[in-house]
Amino acid sequence: LVSPTYHGVLSDVEAASRLCRAAGVPLIVDEAHGSHLGMAPGLPRPALSRGADLVIQSSHKTLGAMTQAAMLHISADCPLPHGVVPQALELVQSSSPSYLLLASLDAARWQYADADARRDTAAAIALAQQARCRLSQLPGVRVFAPPGGGAAGGGVETDPLRVVVRCDDAGSGFDLDEALIERHGVYCELPELRHLTFAFSLGTTQGDVDLLVEAAAQPPRHTLQRHAVPLLLHPSPKPLPKALRDVTADADAAPFAAAADDAASAPAASASEAAPAAPAPVWLPLPAAVADGRGLTPREAFFAPSELVDAREAVGRLSAELVC
C-alpha cells in the first residue's frame, strides 16, 4: 500500500490493517513520502501507528538524511516469524553499507525528535496553508482542496505540507515548471501534464511563499498553451460520449477550489491578448495485445525481446521502457 502518495493523499491504513489481519497476511506500507508524519501537530499519524506491519520510509525525501538513505520499520505485532525480515534483507543488501548514509539516518532520527525541528515543521504547515489561500485567489489558479474533514470526518486525509495546483488553464505543467525555474527560481516537486505539486518542509520560509505566489501570478499562459496537447488511449479514434466526458471532467475538477474570479464575469480579452484555442486531444489506439485481451504479465513483459523504433512506429505497440 502506498501512503501517502506523491501528492500527499493518505490511504485508510487502519481499514487495510483490519482486512490484512483477518486474512492472516502482513500489511506493508510504502511511506516513502511520509517520514515526517506525526512530527508536529496538524500532520497525520504515520502508518506504523495505524496498524501497518512493515513500513518503508525514504528518509531523504522529507527529513534531512542523505540521498538514498531509507528506513524499514517493523511493528512489534508483525505476524511474520522472528528473523524472517533480516534474513530476506541479506539477499538484497550490501555487506559493505555506506556509513555516511547510516550516520545521516541517525541524524534524521534525532531531527525527528528535536524540539526546534518540530517547531519549524509546525511553522511550515502554516506557510503551506497561507500559500493555498493566496494561490486560490489568483485568476485561473485552482488549488487541491480535499473533500470532507479528514479520516475522522469520512473525507480524504492529506499531508498539509503538499500543495497541489491544477494548471491546465496555464498550459502544460511541464512547460510551466520550466518557466517557473528559469524566470523565478521556483522549483516544483512534481510537474505533471495538468498539475504542479509543491513540497513544503521545515526549511521553507516566508520568502519562499512570497516568491511562489509572485511567480504564479505571472504565468506565461499564452506561450505555453500550444504545448498542452492531451494524449488519450482509446480503442477507437472517436472521443468518449458527451455524457461520459461531462462526468469525468466534473470528477477530475471537483477537488480543486475555483479561481477567485469567475471567468464568465471577466472582461473579454483583446485580439492581441487572446490565448490560442485549446488543441484537440490526440486519440491513440490501444495496443493490440491489450485491446484483444492478450496482455502480458509483468514477468513476460520484462523478459520479452524488444527493439528500438521511431516514435511514430511505436503507436499501438507495448512499451518496453519503464514509465515512472
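**Salt bridges, sheets and surface of the predicted model**

Glu14 is partly exposed, its relative accessible area being 21%. This value lies just on the partly exposed side, because a residue counts as buried only under 20% relative accessible area. The model described here is a predicted one, and Glu14 serves as an entry point to its salt bridges.

The side chain of Glu14 forms a salt bridge with that of Arg45, with an N to O distance of 2.8 Å. Distant parts of the chain are linked by this pair, as the two residues are 31 apart: Glu14 belongs to helix H1 (residues 13–23), whereas Arg45 is found in the loop between strand S1 (28–30) and strand S2 (54–57). Arg45 is likewise partly exposed, with a relative accessible area of 41%. The contact between Glu14 and Arg45 is part of a wider arrangement, since a network of salt bridges links Glu14, Arg45, Arg50 and Glu157.

A further salt bridge is made by the side chains of Arg21 and Asp53, at 2.7 Å from N to O. This pair also links distant parts of the chain, with Arg21 in helix H1 and Asp53 in the loop between S1 and S2, 32 residues apart. Helix H1 is thus joined to the S1–S2 loop through Glu14 and Arg45 and through Arg21 and Asp53. The two partners in the latter pair differ in their surroundings: Arg21 counts as partly exposed at 40% relative accessibility, while Asp53 counts as buried at 0%.

A local salt bridge is found in helix H4 (residues 99–113), where Arg109 and Asp106 are three residues apart, a separation of about one helical turn. Their side chains meet at 2.5 Å, N to O. Both residues count as partly exposed, Arg109 at 49% relative accessibility and Asp106 at 35%. The salt bridges of the model number nine by the rule applied.

The strands that flank the S1–S2 loop also take part in a sheet. S1, S2 and S3 form an open sheet of three strands in the order S1-S2-S3, with mixed pairing. S1 and strand S3 (71–74) are the edge strands; each has a single partner strand, so one side of each lacks a neighbour in the sheet. From one strand to the next, the twist averages 15°. Four bridges pair S2 with S3 in the antiparallel sense, and Leu54 stands opposite Ile74 in S3.

Ile74 also contributes to a nonpolar surface patch of about 300 Å², together with Ile28, Ile56 and Leu72. Of these residues, Ile28 lies in strand S1 and is partly exposed, with a relative accessible area of 41%. Ile28 qualifies for the patch on this count, because patch residues must have over 30% relative accessible area.

Another sheet is found later in the chain. This open sheet has four strands in the order S4-S5-S7-S6, and its pairing is antiparallel. Its edges are strand S4 (142–143) and strand S6 (190–191), each of which pairs on one side only. S4 and strand S5 (residues 162–166) run antiparallel and are joined by two bridges; Val143 stands opposite Val165 in S5.

Helices lie across strands of this four-stranded sheet. Helix H5 (residues 115–136) lies across S4 and S5 and runs at about 15° to S5. Helix H6 (residues 173–184) lies across S6 and strand S7 (195–199), running at about 45° to S7.

For the protein as a whole, eleven helices and nine strands are found. Of the 324 residues, 32% are buried; Asp53, at 0% relative accessibility, is one residue that counts as buried. The accessible surface comes to about 19500 Å², and carbon and sulfur atoms account for 60% of that area. Contacts across long stretches of sequence are frequent: among contacts between residues at least 6 apart in sequence, 72% join residues at least 24 apart. The salt bridges that link helix H1 to the S1–S2 loop span distant parts of the chain as well, with Glu14 and Arg45 31 residues apart and Arg21 and Asp53 32 residues apart.

Conventions. Residues are numbered from 1 along each chain as its sequence is written. This is a predicted model: local features need pLDDT of at least 70, side-chain atom pairs count only at pLDDT 80 or more; totals for chains, interfaces and linings use all residues. Side-chain values use heavy atoms; hydrogens and water are left out. A salt bridge is a side-chain nitrogen of Lys or Arg within 4 Å of a carboxyl oxygen of Asp or Glu. Buried means under 20% relative accessible area, exposed over 50%, partly exposed in between (1.4 Å probe, protein chains only). Patches are made of residues with over 30% relative accessible area and no salt bridge: like charges are joined within 9 Å, nonpolar side chains (Val, Leu, Ile, Met, Phe, Trp, Tyr) within 5 Å. Accessible areas come from the Shrake-Rupley method with a 1.4 Å probe; for residues, only the protein chains shown count as cover. Two strands pair if DSSP finds at least two bridges between them. Contact means heavy atoms within 4.5 Å. Axes are lines fitted to C-alpha atoms, for helices over the stretch in contact, and angles run from 0 to 180 degrees between N-to-C directions.
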